Amino acid sequence: MAGSRKGPTARALGRFANNRVALLGLVAFVLILAAILTYPLWWAYSPNQIDLRALNKGPSASHWFGTDGVGRDVLARLMQGGRISLLVAITSVAVSLVIGFLVGAVSSFSGRVLDGAIMRLVDLAMTLPPVILLLVLASIVGTGIVPTIAVISLLSWPVLSRMVRARLLELRERDFVVAARGMGAGMGHLLFRHGLPNCIDILVVYATLQIANAILLEAGLSFLGLGIAPPEASWGNMLNAARSTSVLEQYVWQWMFPGAALVITLLAINFVGDGLRDAFDPRSDLQ
Amino acid sequence: MLPYILRRLATGLLMLVALSILVFVLLRLAPGDPIDAYVNPNVAMSQAEMAALRARLGFDQPLPVQYLAWLRAAATGDLGFSIQRNGVRVLPLVLERIGPTVLLMAAGLAIAIVLGIAAGILSAVRRNSPTDIGFSVVAFFGISSPAFLTAILGLYLFSVVLRWAPSGGMLTPGAPFSISDLLAHLVLPACLLSIGHAALIMRYMRASLLEVLNQDYVRTARAKGVKEFWVIMKHAVRNALLPVVTLIGSTIGIAVGGAIFIESVFNWPGMGLLLINAVDTRDYPVIMGATLIIGACVIVVNLLTDMAYAAVDPRIQVA
Amino acid sequence: MQLKTLTRAISVAALLGATALTTSAAAQEPKTITGGFDVGPGGFQGNFNPLAATGGFTWLNVYFEPLVNYNADLTAIEGALANEYAVNADKTEYTFKLANETWHDGKPFTSKDVKFTVDLAKNGETGTVFAARLNAVSSVEMPDERTAVIKLSRPDAGLLATLTKLMILPEHALSGMTPKELATGTWWATKPIGTGPFKFKQYVSDQYVELVADDDYRLGRPKADRVINRYFKNTAAAVAALRAGEIQFTYVESDDVAAFKDNKGFKVIEGQSFVANYLGFNQQVPLWKDVRVRQAVMHAIDRQAIIDSLYGGAATEANCGYVAKQLVPEGLNPYKYDPAKAKALLTEAGWDKINGSKPITWLTYYNTPQAANVMAAVQAMLAQVGINVVPRVVDTPTYNGIIYAGNPDFSQFPLVYAGLQNGPDPSGLNIGLNAVQKPPAGANFLRIDMPDLTKAFDAALAETNPQQLNARYQDVCKAMNANLPWATMWVANRYGVASAKLKDFVWVPAPAGGPYNAHPEKWSIEK
């Protein structure tokens with residue numbers, strides 16, 4: 001009896017496990033996550049501990065990554081910033097996943113008119129220049145974790161809803177769906193019994209890649225002075241210091257470490273996301 | 001076709017009105033109005049004076065009245081005056097920013113397309129070789145680097161340290177207009193802008209070409225004895241280009257808003273910088289006007305793209 | 001053989017051509033001074049209407065002139081378009097002798113222009129910000145072309161200071177427009193006409209403004225041929241351009257000074273900012289009602305340490321709103337850094353019951369990295385004694401929107417970190433501290449109502465004897481120090497950096513950019 005009896009998800013995971021680059025990314029991400037979550041256990045300094053006598057000191061035995069403009073330890077702020085950045089990214093992706101899936105799925109399973117209306121609304125959301133939405137929303141809600149999550153989620157869900165709707169549109173006409181509706185299945189049943197399982201792969205790939213995007217977006221917002229404001233640490237607002245040429249030249253450690261952390265984390269997530277996309281692609285089996 | 005176009009344009013117009021209402025409401029929700037932006041907190045002004053200024057600009061009217069006044073004027077093509085830059089009319093201001101925006105995005109995209117496609121082809125052809133791995137690594141870095149960081153580093157390295165490029169702006173102040181001056185100012189921001197896009201295009205090109213190279217007709221061409229170079233260039237690449245073209249198309253759609261980080265770091269007079277400045281100073285007329293124009297552009301571009309798809313692929317029906 | 005000759009010929013030709021181009025270009029190049037004149041807190045990019053200017057006077061002064069202006073030290077008011085002025089006995093008549101000058105379009109400058117400008121400035125329709133400040137002016141007489149007399153309905157000690165900001169405008173060019181048209185007209189940004197040493201050439205939207213020399217300026221033809229004001233999104237971009245050699249001058253943040261200090265190619269200009277930085281106690285919330293709590297805040301903050309470490313020593317500790325020697329009396333309470341005393345005062349006042357360790361929003365509009373560091377340091381110091389403040393940085397429109405709202409939500413700004421101009425005219429603080437200046441009349445948004453302080457200010461404003469003025473302001477200082485409406489911190493220095501190639505260049509980091517007599521006609525640049 002030849003042939004694998006594994007289901008499609010198991011097969012996909014198997015393909016993923018064979019992808020060395022994706023595994024590397026996963027390992028790197030897990031390591032970073034571990035470091036970020038556990039740093040108070042192995043590092044003495046706290047991210048908001050100022051020390052006016054140790055301003056702008058370079059990396060040394062006591063401050064491995066140096067100190068910033070008020071004497072705060074850069075490594076501690078890097079770890080704390082990582083927590084904030086990842087928290088914001090993951091939460092906003094979760095929120096936009098939920099909104100995007102619901103809007104796209106409901107739209108695809110609804111009648112023509114409702115579908116059209118919802119999609120026009122989505123178009124409206126996409127026509128708005130993201131710049132404006134970003135800046136205006138951010139100035140309305142102010143800085144901070146919750147507002148930043150709100151802004152990033154609101155920017156990301158329209159694209160997902162379109163992808164979900166496209167995928168589910170083909171499903172709408174299939175027999176089992178028609179049968180289910182004929183038997184009186186409600187929207188909830190359609191969404192979660194039929195819609196969700198068929199979208200898992202798009203959702204997973206989208207989620208992974210969107211986390212990378214959300215981290216970038218949060219960094220950009222904080223860099224612009226919106227997003228997360230000091231004295232809270234975030235990788236984006238630590239990079240804000242690099243605007244000044246004197247910091248760029250003289251206090252390299254203050255921006256290079258957050259920059260490197262950002263790039264490495266994004267690389268890791270992109271590797272994983274890429275690997276997942278390849279893994280879920282049914283044509284990869286035919287080599 | 002014609003009824004379809006008309007229908008799309010009509011819906012587009014409705015969307016523009018809805019968009020303007022949305023932006024109007026959002027702006028009024030944001031704390032602070034244009035007069036608040038005008039006053040320097042270090043050199044205080046009395047509230048009575050500020051109220052007088054507001055009354056002159058019509059901000060003491062009820063909100064629906066203000067909006068309708070704006071809408072009525074906009075319908076006749078009068079988008080009002082910028083508050084922050086007194087005396088400057090909004091419509092010419094916004095229209096004169098479209099040129100530099102398009103220039104920057106086009107230059108950046110052109111560089112990205114050339115680099116991305118070339119690198120993608122090389123990578124696919126020399127799959128898993130050092131070239132491929134090298135390009136892939138660079139591409140991943142390109143996707144993973146924050147745009148503002150590369151912009152600042154690029155500016156510092158190429159302008160302040162090496163002095164190879166000017167430090168910002170579109171033309172040398174005071175100098176008569178010359179193409180070489182414009183190009184000199186365009187080079188650095190366009191290159192930095194192209195990094196992210198080139199990386200993405202390269203990866204899509206590579207994936208798409210790899211898929212195509214496995215197809216039967218490629219094998220046939222090789223069997224027929226066609227030179228490898230032409231197999232790739234004439235047969236494979238052309239078919240592999242479709243997803244890349246889709247990608248480029250969607251990038252253009254976003255392009256009209258301007259590349260805010262690059263424009264901000266390089267002070268490039270495009271839409272992005274205009275919007276940032278306008279939101280910073282709560283310049284309501286400029287924000288409303290710019291949003292209207294950008295929205296109109298996006299709608300028109302979307303319509304044209306959909307029509308192009310219909311023309312190219314007969315399987316797609318638009319009507 | 002032929003190819004070689006051809007290549008050689010081409011290269012020689014190219015070389016000759018290039019040399020010709022560069023020499024001809026060098027020969028034609030006019031002497032141009034380029035700077036970021038509107039960079040920093042004193043600038044106002046994109047504003048061309050002097051009647052509506054709340055900042056950016058440094059640049060406006062290059063092509064417009066007021067009747068009188070501050071000297072470069074900001075210590076006295078001297079003549080500008082008026083050669084001399086005289087005041088009558090009861091301070092209700094100011095007579096100005098006007099200089100012999102022509103407008104940039106050649107028409108003569110006369111007293112008609114002065115009357116026209118003052119009338120415009122009082123007419124709210126033009127978008128002017130001077131209407132309230134010129135309230136006391138009843139009329140402007142023109143006995144002859146070279147004399148203008150401003151008559152007041154009551155004495156106004158601040159009239160001259162207000163006049164320094166009022167740029168005289170040409171009656172012959174603007175009288176044809178209605179005031180409403182002036183407010184939104186394009187004249188200001190396309191072909192304005194002034195009397196200054198340089199005349200307007202062009203404005204490239206959001207990029208730069210170009211001025212060319214006015215050959216028949218009364219104080220001599222300017223040494224430079226052109227002056228260009230380049231716009232920058234932020235100070236860092238201007239500093240980059242300065243270092244790349246593209247501009248010759250800009251305002252810089254104090255953190256950037258270190259890069260220029262030892263560089264022979266640049267000169268660092270340092271000056272007092274005339275802005276007193278303070279922690280403002282919102283009098284409408286119960287937190288700060290007990291003066292012991294306010295005293296505790298003063299004792300808890302080690303101001304000298306912050307000045308030494310975060311300002312590099314370039315700030316002066318302030319124990320009241322003034323730091324100028326003649327305005328600070330003996331015997332002020334220095335509120336030395338003493339966290340133990342602060343804790344004791346808080347216990348005495350029952351801080352645990354008043355607020356305890358609940359977070360207190362600390363609102364500010366200062367968004368430079370240095371300000372963020374300062375606030376972090378102060379936050380840590382206050383936390384040490386048990387006051388938990390949480391900094392909240394917002395942009396200027398948001399800040400103004402919150403504090404000046406019609407029905408303000410006081411819980412949004414129980415404490416602010418702000419600054420107010422305290423010079424060169426010390427009455428600048430009145431608008432923020434006097435009880436009668438509570439909104440909507442003035443800018444006393446903290447609703448400060450301290451009778452001793454109000455009395456002291458009123459006495460100082462009404463003082464007509466210039467010898468007594470310093471003593472009156474010393475009383476104000478004493479009242480501020482005792483009652484602590486603000487926790488006054490310091491007055492910082494501000495910096496500009498100019499290329500060493502600029503000669504006779506005058507710049508002062510005055511609040512709102514001045515104005516002051518910078519004599520742009522003397523500025524020169526060497527190759």
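Begin by selecting strands β9 and β10 (residues 226-230) of chain C, which run antiparallel and are joined by five bridges. The model on the screen is a predicted one. Within this pair, Val209(C) has Asn229(C) as its bridge partner in β10(C).

Now add strand β8 (residues 198-204) of chain C, which pairs with β9(C) in the antiparallel sense over six bridges; here Tyr203(C) has Val209(C) as its bridge partner. The two strands β8(C) and β9(C) make a hairpin with three residues between them, and in the turn you will find Asp206(C), with a positive phi of about 65°. How many of the six residues of β9(C) are buried? Five of them are, so the strand, which covers residues 208-213, is largely enclosed by the rest of the structure.

Staying in chain C, select next the open sheet of four strands, whose order is β4-β5-β7-β6 and whose pairing is antiparallel. Its edge strands are β4 (82-87) and β6 (137-144) of chain C, each of which pairs on one side only, and from one strand to the next the twist averages 20°. Inside the sheet, β5 (residues 93-98) and β7 (residues 147-152) of chain C run antiparallel and are joined by five bridges, and Lys97(C) has Thr147(C) as its bridge partner in β7(C). Showing helix α3 (residues 111-122) of chain C as well, you will see that this helix packs on the sheet, where it touches β5, β6 and β7 of chain C, and that its direction makes about 170° with that of β6(C).

Turn then to the contact between chains C and B, which takes 63 residues from chain C and 47 residues from chain B. On the side of chain C that touches chain B, helix α15 (residues 396-403) of chain C gives the most, with seven residues, and the residues of that side divide into 32 nonpolar, 22 polar and nine charged.

In chain B itself, select helix α1 (residues 2-29), whose 28 residues should span 40 Å at 1.5 Å a residue, and whose end C-alpha atoms are 40 Å apart, which agrees. Its buried residues, which you may wish to colour, are Leu16(B), Leu19(B), Val23(B), Phe24(B) and Leu27(B). When looking along a helix, recall that an α-helix has 3.6 residues a turn, so residues three or four places apart point the same way.

The contact between chains C and A takes 25 residues from chain C and 17 residues from chain A. Among the elements that give two or more residues to the side of chain C are α8 (235-243), α11 (303-310) and β15 (389-393) of chain C, while α14(C) gives the most, with seven residues. The residues of this side of chain C divide into 14 nonpolar, six polar and five charged.

Finally, select chain A, which has eleven helices and zero strands, and in which 49% of the 287 residues count as buried. Which helix packs with helix α3 (residues 74-109) of chain A at an angle of about 35°? The partner is helix α11 (residues 253-280) of chain A, with the two axes 10 Å apart, and α3(A) passes α11(A) in a right-handed crossing. To see where they meet, show Val74(A), Leu78(A), Gly81(A) and Gly82(A) in α3(A) together with Trp253(A), Gln254(A), Phe257(A), Pro258(A) and Ala261(A) in α11(A); the residues of this contact divide into six nonpolar, three polar and no charged.

How values were computed: Residues are numbered from 1 along each chain as its sequence is written. Chains are lettered from A and ligands numbered from 1 in the order in which they are written. This is a predicted model: local features need pLDDT of at least 70, side-chain atom pairs count only at pLDDT 80 or more; totals for chains, interfaces and linings use all residues. Two residues are in contact if their C-beta atoms, placed from the backbone, lie within 7 Å. Ala, Val, Leu, Ile, Met, Phe, Trp, Tyr, Cys and Pro count as nonpolar, Asp, Glu, Lys and Arg as charged, and the others, Gly among them, as polar. The expected span of a helix is 1.5 Å times one less than its number of residues. A residue is buried if 20 or more other C-beta atoms lie within 10 Å of its own, exposed if 12 or fewer, and partly exposed in between; C-beta atoms are placed from the backbone. Two strands pair if DSSP finds at least two bridges between them. Axes are lines fitted to C-alpha atoms, for helices over the stretch in contact, and angles run from 0 to 180 degrees between N-to-C directions. A crossing is left-handed if the near helix is turned anticlockwise from the far one by less than a right angle, and right-handed if clockwise.
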